[in-house]
Amino acid sequence: MNYIYADHAATTATSSAARDAMIDCMENYFGNPSSLHTPGQKAAEKLWESREIMAKYLHAKPEEIYFTSGGSEADNQALLTAAMIGKKKGKKHIISTAFEHHAVLHSLRRLEKEGFEVTLLPVHENGIVRLDELKAAVRDDTICVSIMYANNEIGTIQPIAEIGAFCREKGILFHTDAVQAAGRLDIDVVKENIDFLALSAHKFYGPRGVGVLYCRKGIPLTNLIEGGAQERGKRAGTENLPAIAGMAAAFKEACENREKDNAYVAGLRDQLIQGLSEIPHGRLNGDRIQRVPGTVNFCFEGIEGESLLLLLDMRGIGASSGSACTSGSLDPSHVLLALGLPHEVAHGSLRLSIGAENTPEEMEYIVNNVKEVVAYLRSMSPVWEDLEKGNKPHLI
Ligand SMILES: *Cc1c(COP(=O)(O)O)cnc(C)c1O
């Protein structure tokens with residue numbers, strides 16, 4: 001069997017539609033969109049067309065779309081903007097969750113150093129924020145709520161429409177990191193009362209290093225990058241047109257095929273969940289139902305996630321122990337800890353995130369190999385021996 005890529009939440013291969021759009025841009029739209037001559041104006045038209053495509057599938061207006069270098073930059077700019085608006089109004093409280101991506105959590109940490117106060121809501125065992133807890137956390141000086149659309153490690157979907165409606169009613173700005181949702185879920189910034197939204201092309205078969213910050217009309221963005229007047233003066237730097245056009249092509253394709261692809265991918269996911277649930281002393285992390293189609297996250301007691309990954313890689317399976325941004329560090333995932341899992345259990349995690357190019361045969365191969373490798377690692381694990389002898393109680 002060919003190598004099986006099951007790490008779509010970390011990144012996706014660039015689709016042929018995206019590659020074609022990028023090459024077309026490099027060959028035929030090389031002008032600088034700020035130039036007044038014909039090649040420049042052709043490029044400016046291409047840029048606008050890409051903006052219209054991104055806007056259309058988010059139910060936004062083209063002038064509410066700001067091109068960035070990716071999801072991280074968009075998250076940073078949204079939170080800095082909210083903080084600056086808060087500063088002017090004398091409001092310094094921001095609410096978020098304990099299992100956000102580090103692009104959000106580390107932005108918030110910086111704002112805390114500058115005098116802002118941050119409340120991180122719990123996400124409970126099912127990995128879903130509770131609206132009543134959000135309501136209880138709101139203060140008179142709350143300026144912004146930042147809650148991700150879908151989590152990158154466990155795939156759970158948050159009640160975005162309810163949160164948006166509540167924030168709008170209270171006059172609180174609402175930012176959502178929708179990087180894992182874009183192209184996979186039907187996002188509607190109007191219906192869902194979203195003020196800021198971040199997405200990233202390389203999570204939906206677009207190129208790396210490009211993303212979007214949606215910012216609702218009338219909200220004054222604060223710049224992260226000063227310079228020329230690109231992006232209506234809010235994000236300087238000559239536009240990366242091939243990447244932007246590639247992102248738009250990938251987004252269009254992902255959104256148009258969404259229903260068909262989701263039904264197929266969810267079937268594969270359920271095959272994985274069913275198969276992996278047969279492993280004793282394991283658990284599926286995050287709500288069984290309220291999740292994006294392709295993401296599955298399990299913990300297996302008595303093993304190290306890293307060893308599992310390396311052995312699976314040798315068997316031709318590309319998986320992850322959590323977020324690509326934190327693997328390499330030996331700390332357990334902050335997401336799994338936020339679910340209330342003990343450290344020992346959180347260490348034995350496996351994230352499989354699949355896409356429409358995966359097959360049922362591949363899922364079967366993955367399930368069989370995970371079963372074998374988990375059994376093998378347990379056979380060598382002193383921790384597992386203690387658990388089996390009853391020296392220590394099983395935690396799951
Ligand atoms: C990947 C990811 C990001 C970062 O996006 P980049 O384009 O890689 O900067 C942010 N948030 C979430 C939830 C992600 O999965």
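In which order do the 3 strands of the open sheet that contains β9 and β12 follow one another? In this predicted model, the order is β9-β10-β12, and the pairing is antiparallel.

**View 1. The open sheet of 3 strands and the helix packed on it.** The sheet is bordered by β9 (282-284) and β12 (349-353), each of which pairs on one side only and is therefore an edge strand. From one strand to the next the twist averages 20°. Strand β10, which spans residues 295-300, is joined to β9 by 3 bridges in the antiparallel sense, and within this pairing G282 stands opposite F300 of β10. Helix α8, made up of residues 258-276, packs on the sheet and touches β9, β10 and β12, with a direction that makes about 10° with that of β10.

**View 2. The open sheet of 7 strands.** This sheet has the order β2-β8-β7-β6-β5-β3-β4, and its pairing is mixed. Its edge strands, each pairing on one side only, are β2 and β4, the latter covering residues 117-121. On average, and with direction ignored, neighbouring strands of the sheet are turned by 20° against each other. At the β4 edge, strand β3 (residues 93-97) pairs with β4 in the parallel sense over 5 bridges, and S96 is placed opposite L120 of β4. Helix α2, running from residue 38 to residue 58, packs on this sheet through contacts with β2, β7 and β8, and its direction makes about 115° with that of β2. Helix α6 (residues 160-170) lies across β5 (142-146) and β6, and runs at about 160° to β6.

**View 3. Edge strand β2 and its partner β8.** Strand β2 comprises residues 65-68 and is covered on both faces, with I65 and F67 buried on one side and Y66 and T68 buried on the other. This arrangement can be read against a general pattern, namely that in a regular strand the side chains alternate between the two faces of the sheet. The strand runs antiparallel to β8 (residues 211-215), to which it is joined by 4 bridges, and Y66 of β2 stands opposite L213 of β8.

**View 4. The packing of helix α1 against helix α7.** A pair of packed helices is described by the angle between their axes and the distance between the axes. For α1 (residues 16-28) and α7 (residues 241-256), the axes come within 8 Å and cross at roughly 150°. Because angles over 145 degrees count as roughly antiparallel, α1 is described as roughly antiparallel to α7. The crossing of these two helices is right-handed. On the α1 side the contact is made by A17, A18, A21, M22, C25 and M26, and on the α7 side by L241, P242, A243, A245, G246, A249, A250 and E253. Sorted by class, the residues in this contact of α1 with α7 are 12 nonpolar, 1 polar and 1 charged.

**View 5. The packing of helix α9 against helix α12.** Here the axes of α9 (residues 305-314) and α12 (residues 360-379) come within 10 Å and cross at roughly 130°, an angle that makes α9 oblique to α12. The crossing in which α9 passes α12 is right-handed. Helix α9 contributes S307, L308, L311 and L312 to the contact, while α12 contributes N369, V370, V373, V374, Y376 and L377. By class, the contact of α9 with α12 has 8 nonpolar and 2 polar residues, with no charged residues.

**View 6. Two loop residues with positive phi.** N193, which is not a glycine, has a positive phi near 50° and lies in the loop between β6 (173-177) and β7 (196-200). Its relative accessibility is 19%, so N193 counts as buried, given that the cut-off for a buried residue is under 20%. E231, likewise a residue other than glycine, has a positive phi of about 50° and is found in the loop between β8 and α7. With a relative accessibility of 4%, E231 also counts as buried.

Terms used:
Residues numbered from 1 in each chain as written. Predicted model: local features only at pLDDT ≥ 70, side-chain atom pairs only at ≥ 80, totals over all residues. Heavy atoms only, no water. Axes fitted to C-alpha atoms, helices over the stretch in contact; angles between N-to-C directions. Parallel < 35°, antiparallel > 145°, perpendicular 65-115°, else oblique. Left-handed = near helix turned anticlockwise from the far one by under 90°. Contact = heavy atoms within 4.5 Å. Nonpolar A, V, L, I, M, F, W, Y, C, P; charged D, E, K, R; others polar. Buried < 20%, exposed > 50% of the residue type's maximum accessible area, 1.4 Å probe, protein only. Pairing = 2+ DSSP bridges.
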